[in-house]
Amino acid sequence: MTPLSRRGFVAAAAGAAAAAVALSPEAASAVGEKPPPGGGDFADADRGFVAASKPGVVKNAKGQVVYDADAYGFLKGAAPDTVHKSLWRQGKLVARQGLYKVTDRVYQVRGLDLSNMTVVEGEQGVIVIDPLISAETAAAALKLYRAHRGDRKVTGLIYTHPHVDHFGGCRGVLPNGAEDGVPVLAPDGFLEHAVSENVYAGTAMQRRSGYMYGAQLPKSAVGQVGCGLGQTVSLGSVGLIPPTRSVERTGQVEVVDGVRFEFQMTPGTEAPAEMNFLLPDLRALCMAENATHTMHNIITLRGAQVRDARQWARYLSESVTLFGGRADVAFASHHWPTWGGELIVELLEQQRDLYAYMHDQTLRLINAGWTGREIAEEVELPPALAEVWANRGYYGSLSHNVKGIYQRYMGWFDGNPAHLWEHPPVEEAKRYVKALGGRTAAVARARAFVREGDLRFAATLLNHVVFADPEYEVARAELARVYTRLGRGCENAVWRNFYLTGAQELREGVREAETSVVSSDVLLALDVDQLIDSVAVRVNGPRAWEVRLTMDWCLPSLGKTWHLTLRHGVLTYRSDTKADPGAGVTLTMTKPQLLAMLAGKGLGGIEVDGDVSLLRTLLGVVDKPDPNFAIVTP
C-alpha cells in the first residue's frame, strides 16, 4: 500500500480532480459499497440496530437546526472523483444513525452528534456515558432510547474525559443538574481541564474548529463529507454539570445504580484527564477515545496541548493486561463496537503499535538531526499497520502527528539559524513576490507547478502572493482552485475540511460566527483563579505598560480575598483570608456577580469600597477576542 497516511492526501495529476488511493486487492474490496467477506466494519456498524431517529434532524426551542444527520444521505454508492475513496468508505460507516444494542443492558445512540452516547441499564434507571455536545442532541438521543426501551430515569452520569463532545449535552439528560443525589463521575482533574481548554485559548480554538470540522461547508460530495471521527459537531446549548465523584486510580471500582464499573486511568493520552472502564458483570469494555476506528490526533489542527504518544501506547498495553479475556465487546465514545475477545485485543495492540511506532521513529530521526518537516516526509507505517482500517489517517494523520511529537520534544525551532528570526508572513510574502518578479510572474510560476502536478508548492507560492497583496483576485481565485484540488485528494477528513474551507473563504470572505465560545455552565465551573487568569491573558500589554493599580476581590461565600495587581502590563494575584488595607478598591461580591461584572453587565449588588474607577481602568486594557479573525489572508 502506498503510504497515504504519511502525507494525508494524494496530489492530483494534471487535469484530474483527484487521484485514487492505491490499495491492496484485499483492502480495495472494502472501499466500495459492498462490505468485504465476513462483513467486517460494515457488519459491525450495523450490528444491534434497533431504530433510527426519523427525521434525523434535531432542532432547538426556536426551531433552529442543531444537527442534521439526514444531510449525509448523499453518502451512497461508489465514491465520486471529488472524494478520496477511503474517506468515502469511512463516511458511509460513520453516517449510520440510530439506537444500537451493544450487549445485554448496554445501548448506544450513534450519528446524532460528533460522538456517541452510551446508556447502561441499572437496577432503577439508566447510567448515561458521554452525553454528546449539546443538550438538544442528548435529549433527542435519550428520547430515542426511551421510545424503544421504556421511560427510565437517569440514575447516573459518567464523563470519560473533558472534551466538550463528551460533557456538553449533560443538561439534555439531567436538566436540573445532579438533583436527587444522581452521581456524576469523571476522572481526577476533569473540571480543571474542561474549563481551561475552553477559556484560555477558546476563541482561537473555536475559529480553527470551524475549519477542522468544515462547519460552514455544504454537506455534499464536493463539500463536507464528515471529519473521520464522526460527521460534524452539533450547534446547540452546551452545559457542564460538575462531577460529584472523582475517579482517581486504576483498579478503582464504583457501583452506580447496581452496576459495577472498574476503571483504568489514562492521563495524558487523548485528553489530559481520561479513563477507560470495564463492566465486569456485563463483559463490556469502554475504551473512551483511546482506541477508535481511526488514527487519532497527537496534536489537533484546531490547537491543543501536544499529547503523549509514548504514554498512549503504554496505557493501551496496560488495557490489554487488565482487560484481555474479560470482555466480549469493546465500545468507544466514537464509531462502532468491536465484538470478540481476540478481536478486541487485536484492535488494542494494533493501535498501541501505531502510536508507539510513530513516537519511536520520530525520536530516532530527531536524534539523527532530522527536523519535524523532514521526519513527516520520511516516516511511513509498516504495511501490517498501514493496512489496518482503524489505523488510517481519517482524523489524525501521520504527517501532522509526527510534527506534534517533534514539537513536544523540541519545540518550534528546528536548530537552523535561518529559521531563528524569519520575517512574519506578510513581510516575508512581499519579499518572495518581489524576488519572483512581481505578483503576475509569481502566479504564472505557481500555475506552472500546478501543470506539473506539484500542488503543494503551488499553494506555497500562491499563499505568498495573497499575503503580499490580499486584494489581488487572480491569486485568490488560483489559490482557491489549488486548495479545492488538494482537499478532494485527502484521505484525512480534517485536512479536506481545512483545504475546502480555505478555498471557500478566499472566494467568499469570512462568514461571521455568532456562536458563543463558552457557555454559562463552563464559566460557572471556573474557579476564581481561572477567572482572573482568563482576564490576564487578554490584558493588552503595551496599553497597560504605564498603568499601576491594586484591587481586592472579596468573595465571603468562599471565605477568601483575591489581591490583584496590574503592573508592567501584567495582571498578577494572590489570595488569602485577609483584606489588604492598601488596595485601591475592594469589591465584595458573589461569584455570579463577579461573572456578570466581567461580562460587562455592571456592578449590580456588588459592595464597593474605594476608587471604583480602577475597575474601569483595568477592564479598559482588556482586549475582546475576535472570533472571526483571518486565516487564509493577512
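Visitor: How do you know that strand 18 and strand 19 pair, and in which sense do they run?

Guide: Happy to start there. In this predicted model, strand 18 (residues 560–567) and strand 19 form seven bridges in the antiparallel sense. Two strands count as paired if there are at least two bridges between them, so the seven bridges here qualify strand 18 and strand 19 as a pair. Within strand 18, Thr-565 stands opposite Thr-572 of strand 19.

Visitor: What makes strand 19 and strand 21 edge strands?

Guide: The open sheet has five strands in the order 19-18-17-20-21, with mixed pairing. Strand 19 (570–576) and strand 21 (607–610) each have a single partner strand, so one side of each has no neighbour in the sheet. From one strand to the next, the twist averages 20°. Helix 22 (residues 613–620) packs on the sheet and touches strand 17, strand 18, strand 19 and strand 20. The direction of helix 22 makes about 105° with that of strand 17.

Visitor: Why is Trp-421 called exposed?

Guide: Trp-421 has a relative accessible area of 79%, and exposed means over 50%, so Trp-421 is called exposed. Trp-421 sits in the loop between helix 13 (398–410) and helix 14 (425–435). Together with Trp-412 and Leu-420, Trp-421 makes a nonpolar surface patch of about 510 Å².

Visitor: How do you know that Arg-96 and Asp-46 form a salt bridge?

Guide: Their closest N and O atoms are 2.6 Å apart. The cut-off is 4 Å, so the pair counts as a salt bridge. Arg-96 lies in the loop between helix 4 and strand 4, while Asp-46 belongs to helix 3, 50 residues apart. A search of the whole structure finds 23 salt bridges.

Visitor: Why is Glu-121 called buried, and what is Arg-149 called?

Guide: Buried means under 20%; Glu-121 has 4% relative accessibility, so Glu-121 counts as buried. Arg-149, at 30%, falls between the 20% and 50% limits and is therefore partly exposed. Glu-121 and Arg-149 form a salt bridge, with the closest N and O atoms 2.8 Å apart. The pair links strand 6, which holds Glu-121, with helix 5, which holds Arg-149.

Visitor: And what makes Glu-478 buried, and Arg-481 partly exposed?

Guide: Glu-478 has a relative accessible area of 8%, under the 20% limit, so Glu-478 is buried. Arg-481 has 43%, which lies between the limits, so Arg-481 is partly exposed. Their side chains meet in a salt bridge at 2.6 Å, N to O. Both residues lie in helix 17, three residues apart, about one turn of the helix.

Technical notes. Residues are numbered from 1 along each chain as its sequence is written. This is a predicted model: local features need pLDDT of at least 70, side-chain atom pairs count only at pLDDT 80 or more; totals for chains, interfaces and linings use all residues. Side-chain values use heavy atoms; hydrogens and water are left out. Helices (H or I, at least four residues) and strands (E, at least two) are DSSP runs, numbered from the N terminus. Axes are lines fitted to C-alpha atoms, for helices over the stretch in contact, and angles run from 0 to 180 degrees between N-to-C directions. Contact means heavy atoms within 4.5 Å. Patches are made of residues with over 30% relative accessible area and no salt bridge: like charges are joined within 9 Å, nonpolar side chains (Val, Leu, Ile, Met, Phe, Trp, Tyr) within 5 Å. Accessible areas come from the Shrake-Rupley method with a 1.4 Å probe; for residues, only the protein chains shown count as cover. Buried means under 20% relative accessible area, exposed over 50%, partly exposed in between (1.4 Å probe, protein chains only).
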